[in-house]
Amino acid sequence: MIIGNRAFDVEHETYVMGILNVTPDSFSDGGTFNTMDKALRHVEEMVEEGADIIDIGGESTHPGYTRIGDEEEIDRIVPVIEAVSRRFDVPISVDTYKSGVAEAAIQAGANLINDIWGFKADEKMAALAARTGVSCCLMHNRNQADYMDFYRDFISDMRECVDLAKKAGVADDKIILDPGVGFGKTHEHNLQIINHVEILKELGYPVLLGTSRKSVIGLALDLPSEERLEGTLATTVLGVWKGCGFVRVHDVKENKRAISMTKKIMES
């Protein structure tokens, strides 16, 4: 698939999406990169370490987050997206579920919409993606972790996201699916979907696994967010093994090395 000006061989490789939160309250790195200088230095570091995509978000979506208005979110991310687009030759993802924010981000240089609600929160989002021709990552999410049959309901939810994209005219080669670890799921659900993430590939689209420093790791290992690197690396290795095309991470260098080692073992 093509994202921005770059081709991604998602059948044979696992690519790294580096996280840039320009927020004051993200669960792991809130306030760390919310000035322009700090944000650009961090992007430079991630690109040097091998990040294939930079994912820029302006609203924290951790459990219990406070929703902010479109204008505040735009004010946070658009200057950063413009600056990153000018200075670095790397595809840019915008982490938002709001069409107004996404449109401003695309105009500023974003190449991919990373929507935690899989086009279900804003009815204009799918049409925007189709009209602009950008790629999209559709994440699984629910308001409540209420399932009759977890795997069956999960796949049904993801089919709904894909249908929204397809009906709006989004091309197949522009769609990525994300199992939504940490969203609308119990701790056990999160472990199960990481373990069986390959079921998403049955829908025929590349899969992005996003587990970096999340509570599923913290609960499993009884560790705070700043001590969850090893747990993240374990999930990345599993994701590579199960054919994920992308992993979304805070720690680019370490995850890149884990991917390379896993691929060498698999190719031996």
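Let's start inside the fold: cysteine 161 has a relative accessible area of 2% and is therefore buried (under 20% relative accessible area, with exposed over 50% and partly exposed in between, using a 1.4 Å probe and protein chains only). This is a predicted model, in which local features need pLDDT of at least 70 and side-chain atom pairs pLDDT 80 or more, while totals for chains, interfaces and linings use all residues. Residues are numbered from 1 along each chain as its sequence is written, and side-chain values use heavy atoms, without hydrogens and water.

The sulfur of cysteine 161 lies 9.9 Å from the closest cysteine sulfur, in cysteine 136, so the two are too far apart for a bond. Indeed, the whole structure has zero disulfides (pairs of cysteine sulfur atoms within 2.5 Å).

Turning to the packing, the largest nonpolar core has 66 residues, and Ile77 is among those with the most contacts inside it. Such a core is a set of buried Ala, Val, Leu, Ile, Met, Phe, Trp, Tyr and Cys residues joined through side-chain atoms within 4.5 Å. A second, separate core of twelve residues includes Tyr15 and Phe246.

Those names return among the six aromatic pairs (Phe, Tyr or Trp rings, the six-membered one for Trp, with centres within 6.5 Å; stacked under 30 degrees between planes, edge-to-face over 60, tilted for the rest). Phenylalanine 8 and tyrosine 15 are edge-to-face, because their planes stand at 80 degrees, with centres 4.8 Å apart. Tyrosine 15 also forms a tilted pair with phenylalanine 246, at 5.9 Å and 40 degrees. Elsewhere, ring pairs join Tyr147, Phe150, Tyr151 and Phe154 into a cluster.
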